[in-house]
Amino acid sequence: MQALLILCLAFDLASIKLEPNLERRSERAVDNASAAMDLARDASTAGDSAKIKAAVEEVRDSVDLAYQSLVDSGKGARRNPKFFKRAELKTRELMRRLEGLAQSVDSDDRIFVESVRDRVSKVHDDLIQDIMQKK
């Protein structure tokens, strides 16, 4: 059942990429990352390493898509902070959740989860930098 849900999320990410409004695409991608995080937590409870990795990869891909969509929008984060700030808040929450997940999985999965957490942290830092920078 969860494998089907992960597969649906992957297809959902493909449909998110088709969203013409880049800011809306970013918002949908971050929501997808949050849903994938729920799947990762459930897989962790079940002890399914493959599902954990698939869900955490989905988190990483979704966060990358969200940030790239905001950058591609061409709008400055300083002048139009609404979607940048939403993404920043969501990535902060995802970092916290990934940290908790890393503590609850075995050592083999922990390395992978921590690498994704570091990637989400970098995107979070980039979002803050974009919002705070002066031109």
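The legends below describe close-up views of a predicted model.

**View 1. Glutamate 19 and arginine 28 are joined by a salt bridge.** In this predicted model, the side chains of glutamate 19 and arginine 28 meet with a nitrogen-to-oxygen separation of 3.3 Å. Glutamate 19 is buried, since its relative accessible area is 17%, whereas arginine 28 has a relative accessibility of 24% and therefore counts as partly exposed. This salt bridge is one of 17 that a search of the whole structure finds.

**View 2. The surroundings of arginine 28 in helix H2.** Arginine 28 has its place in helix H2, and when neighbours within four places in sequence are left aside, the residues in contact with arginine 28 are Asp12, Ser15, Ile16 and Glu19. Glu19 in this list is the salt-bridge partner of arginine 28. Leucine 65 lies 37 residues from arginine 28 along the chain, and the C-alpha atoms of these two residues are separated by 9.7 Å.

**View 3. A salt bridge between aspartate 38 and arginine 97.** The nitrogen-to-oxygen separation between the side chains of aspartate 38 and arginine 97 is 2.4 Å. The pair links distant parts of the chain, given that aspartate 38 belongs to helix H2 (residues 22-46) and arginine 97 to helix H4 (residues 81-104), with their positions 59 residues apart in the numbering. Aspartate 38 is partly exposed, with a relative accessible area of 30%, while arginine 97, at 15%, is buried.

**View 4. Arginine 60 and aspartate 61, with a separate salt-bridge network.** Aspartate 61 forms a salt bridge with arginine 60, and the closest nitrogen and oxygen atoms of the two are 3.3 Å apart. Both are partly exposed: aspartate 61 has a relative accessibility of 32%, and arginine 60 has a relative accessible area of 26%. Elsewhere in the model, salt bridges that share partners join Asp38, Arg41, Asp42, Glu93 and Arg97 into one network.

**View 5. The packing of helix H2 against helix H4.** The axes of H2 and H4 come within 10 Å and cross at roughly 15°; because this angle is under 35 degrees, the two helices count as roughly parallel to each other. The crossing in which H2 passes H4 is left-handed. On the H2 side, the contact is made by Glu23, Glu27, Val30, Asp31, Ala33, Ser34, Met37, Asp38, Ala40, Arg41 and Ser44, and on the H4 side by Phe83, Arg86, Ala87, Lys90, Leu94, Arg97, Leu98, Leu101 and Ser104. Asp38 and Arg97, which appear among these contact residues, are also joined by a salt bridge.

**View 6. The largest nonpolar core and valine 113.** The largest nonpolar core has 36 residues, and those with the most contacts inside it are Val56, Val59, Leu98, Val113 and Val120. Two or more residues of this core are given by each of helix H1 (2-17), H2, helix H3 (49-72), H4 and helix H5 (107-132), and the largest share, nine residues, comes from H3. Apart from its neighbours within four places in sequence, valine 113 is in contact with Ile52, Val56, Leu98, Leu101, Ala102 and Val105. Of these partners, Val56 and Leu98 are themselves among the core residues with the most contacts.

Terms used. Residues are numbered from 1 along each chain as its sequence is written. This is a predicted model: local features need pLDDT of at least 70, side-chain atom pairs count only at pLDDT 80 or more; totals for chains, interfaces and linings use all residues. Side-chain values use heavy atoms; hydrogens and water are left out. A salt bridge is a side-chain nitrogen of Lys or Arg within 4 Å of a carboxyl oxygen of Asp or Glu. Buried means under 20% relative accessible area, exposed over 50%, partly exposed in between (1.4 Å probe, protein chains only). Helices (H or I, at least four residues) and strands (E, at least two) are DSSP runs, numbered from the N terminus. A nonpolar core is a set of buried Ala, Val, Leu, Ile, Met, Phe, Trp, Tyr and Cys residues joined through side-chain atoms within 4.5 Å. Contact means heavy atoms within 4.5 Å. Axes are lines fitted to C-alpha atoms, for helices over the stretch in contact, and angles run from 0 to 180 degrees between N-to-C directions. Angles under 35 degrees count as roughly parallel, over 145 as roughly antiparallel, 65 to 115 as roughly perpendicular and the rest as oblique. A crossing is left-handed if the near helix is turned anticlockwise from the far one by less than a right angle, and right-handed if clockwise.
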